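Please look over the sequence and the model shown here before reading the report.

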Amino acid sequence: MNKNILIVPGDGIGQEVTAVGKKVLDRIAEKFGHTFHYDEALIGHVAIEATGSPLPDETLQKMKASDAILFGAVGHPKYDNDPTAKVRPEQGLLKMRKELGLYANLRPIKLFDELLGASSIKPEILRGADILFFRELTGDIYFGEKGRKNDGNTAYDVAEYSRFEVERIARKAFDAARTRRKKLCSVDKANVIETSRLWREVIQKIALEYPDVEVEHQFVDATAMLLIKDPKKFDVVVTANLFGDILTDEASQIAGSMGMLASASIGDGTGVYEPIHGSAHDITGKGVANPLASILSVALLLDISFGLKNEADTVISAVDAVLKAGFRTRDIADASTLSENILGTDAIGQEVLKRI
Ligand code: NAD
């Protein structure tokens, strides 16, 4: 297979973990006889510094022309501490999602057995949990009108959803549920919020097309509680942009660490594959960032954008084997981890490469 992959490392540890992800792509190409051509592009703080824009036109053009995108993270403390900054790294991320029509964000939450001890949740609650989140990505309060009035003393953000937007993500989630345990939980706040009432109405209608899938509607507050109390009860979860943003970070604790969670953003055109974590400036440049989420993002890229299931499974098995061998990065180490088995970013990447 001959494919063009755009590498967009972004900021902070995005640079460090994406470099490891790219090596995994190289190793897979070598082992399975594929040809991957790479190009690289700027986004986020590094793009603002170089061009003044968080998503330069050149980056967008390269994104649209590529077959898949391996993405790192955006963000910089400079903006986090300055809410008045007009140009911000996250604007690049939101614009990319809108321009590429990336309306569905998939986040598989599955705990590798070896990491049962790394989560703050009890192992007996966690064992066997396997959730696939579908977070809507191009609507909701993130993209509606926003502003200030009353001399800046009142702020507003408008949440908006169209029937079409809910339908297209619902279909993706129902289709996925069919290939899994055939259970779909739709999360909303239909008791209070109008966009949630439309959301629920649409899900109920689409459900008629999928009589084999068991559908449950749940309020977001209850879901936040049940994810920790009984994560095994969930199979596929579909929800709106803001609720999904919060719930998937919460669910990352089921997988042991933010450093283990990969995601795929898909829609009309090129798919984007990225760890769910941010640029983590507290650990940038220290060589300790966990690259496994980026590596698992590579597995999603191979599977979803290229249909290379066997190659994707090879990557996941290699990660599993590294964990079974006892190797950990600092964020997923626990009291039983031998200190010599706690590896830095590149070293744990090498262990994965060896096992591929
Ligand atoms: P974060 O995900 O960057 O970090 C949260 C905590 O988890 C930190 O303590 C960090 O050290 C740790 N962590 C995250 N990834 C890790 C990894 N791979 N290995 C080991 N430890 C890891 O979130 P934050 O601190 O809230 O935000 C930092 C910056 O990232 C902000 O500027 C924020 O806006 C941005 N951000 C970007 C994205 C994105 O690009 N998709 C997502 C979230 C946050």
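The report below covers the sheet, the helices beside it and the ligand site of this predicted model.

## The sheet

Strands of a sheet pair through backbone hydrogen bonds, in either a parallel or an antiparallel way. In this model, 10 strands make up an open sheet with mixed pairing. Their order across the sheet is β2-β1-β3-β12-β11-β4-β5-β10-β8-β9. At the edges are β2 (35–40) and β9 (214–219), each of which pairs on one side only. From one strand to the next, the twist averages 25°.

One of the pairings joins strand β3 (residues 68–73) to strand β12 (residues 271–275). These two strands run in the parallel sense, and the pairing has 3 bridges. Ala68 has Gly271 in β12 as its bridge partner.

## Helices on the sheet

Helix α10 (residues 241–251) lies across β4 (104–110), β5 (130–136), β8 (183–188) and β10 (236–239). The helix runs at about 150° to β5.

Helix α11 (residues 292–305) also packs on the sheet. Helix α11 touches β1 (2–10), β2, β3, β4, β11 (262–266) and β12, and its direction makes about 160° with that of β12.

## The ligand site

Around the ligand are 21 residues, of which Val74, Asp80, Glu90, Gly278 and Ala280 come nearest. The shell divides into 9 nonpolar, 7 polar and 5 charged residues.

Polar atoms of the protein lie beside oxygen and nitrogen atoms of the ligand. In the side chain of Glu90, an N or O atom is 2.8 Å from a ligand oxygen. A polar side-chain atom of His277 is 3.2 Å from a ligand nitrogen. For Gly278, a backbone N or O atom lies 2.7 Å from an oxygen of the ligand. On its own the ligand has 810 Å² of accessible area, and the protein covers 70% of that area.

Key: Residues are numbered from 1 along each chain as its sequence is written. This is a predicted model: local features need pLDDT of at least 70, side-chain atom pairs count only at pLDDT 80 or more; totals for chains, interfaces and linings use all residues. Side-chain values use heavy atoms; hydrogens and water are left out. A residue is near a molecule or strand if one of its heavy atoms lies within 4 Å of it. A polar contact is a pair of N or O atoms within 3.5 Å; within protein, one must be able to donate a hydrogen and the other to accept it, and residues adjacent in sequence count only if both atoms are side-chain atoms. Accessible areas come from the Shrake-Rupley method with a 1.4 Å probe; for residues, only the protein chains shown count as cover. Ala, Val, Leu, Ile, Met, Phe, Trp, Tyr, Cys and Pro count as nonpolar, Asp, Glu, Lys and Arg as charged, and the others, Gly among them, as polar. Two strands pair if DSSP finds at least two bridges between them. Helices (H or I, at least four residues) and strands (E, at least two) are DSSP runs, numbered from the N terminus. Axes are lines fitted to C-alpha atoms, for helices over the stretch in contact, and angles run from 0 to 180 degrees between N-to-C directions. Contact means heavy atoms within 4.5 Å.
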